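Visitor: Could we take a close look at a single part of this structure? I would like to see how one residue fits into its surroundings.

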Amino acid sequence: MKKLNASGAIGLLISMLIIAILFIIMMPALKGGSSAGLSGSSINQKSVEEQVNKQLEDIEKMRQQTIQYSQEAQNY
């Protein structure tokens with residue numbers, strides 16, 4: 001049987017432990033930063049809704065034009 005060197009596995013476990021500790025330490029900072037950025041946002045919700053509605057109307061018009069074009073093409 002082959003004797004395996006455990007230093008690689010131990011190094012991997014130590015590095016995973018360090019990453020887990022860093023993640024636990026950084027988690028509150030990540031949570032606080034993301035929520036503060038969204039709540040303090042200057043984006044006007046109504047203007048975004050208006051832009052989305054306008055884009056939906058434009059898409060619907062293009063869809064109707066495509067349907068009409070394909071129907072006219074089938075008639076010829």
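Is Met26 buried, partly exposed or exposed?

Guide: Happy to help, and please keep in mind that this is a predicted model. Met26 is partly exposed, because its relative accessible area is 43%, and the buried class is kept for values under 20% while exposed means over 50%. Along the chain, Met26 sits in helix α1, which covers residues 7–39.

Now look at the company Met26 keeps. Together with Leu17, Ile21, Phe23, Ile24, Ile25, Met27 and Leu30, Met26 forms a nonpolar patch on the surface. The accessible area of this patch adds up to about 810 Å². An unreviewed UniProt entry annotates residues 6–25 as a "transmembrane region". In the model, that stretch is 95% helix and 0% strand, with its end C-alpha atoms 29 Å apart.

Stepping back helps to place this part in the whole. The chain has 2 helices and 0 strands, and 0% of its 76 residues count as buried. Its accessible surface is about 7500 Å², with 64% belonging to carbon and sulfur atoms.

For a contrast with the nonpolar patch, turn to charged side chains. Side chains of opposite charge can pair when their charged atoms come close. The whole structure holds 2 salt bridges. One joins Asp58 to Lys54, with the closest N and O atoms 3.2 Å apart; both residues lie in helix α2 (residues 45–75). The other links Glu60 and Arg63 at 3.3 Å, N to O. Glu60 and Arg63 are about one helical turn apart, because 3 residues separate them in helix α2.

Methods:
Residues are numbered from 1 along each chain as its sequence is written. This is a predicted model: local features need pLDDT of at least 70, side-chain atom pairs count only at pLDDT 80 or more; totals for chains, interfaces and linings use all residues. Side-chain values use heavy atoms; hydrogens and water are left out. Patches are made of residues with over 30% relative accessible area and no salt bridge: like charges are joined within 9 Å, nonpolar side chains (Val, Leu, Ile, Met, Phe, Trp, Tyr) within 5 Å. Accessible areas come from the Shrake-Rupley method with a 1.4 Å probe; for residues, only the protein chains shown count as cover. A salt bridge is a side-chain nitrogen of Lys or Arg within 4 Å of a carboxyl oxygen of Asp or Glu. Helices (H or I, at least four residues) and strands (E, at least two) are DSSP runs, numbered from the N terminus. Buried means under 20% relative accessible area, exposed over 50%, partly exposed in between (1.4 Å probe, protein chains only). UniProt positions are given in the numbering used here, feature names are shortened, and annotations may be inferred rather than shown by experiment.
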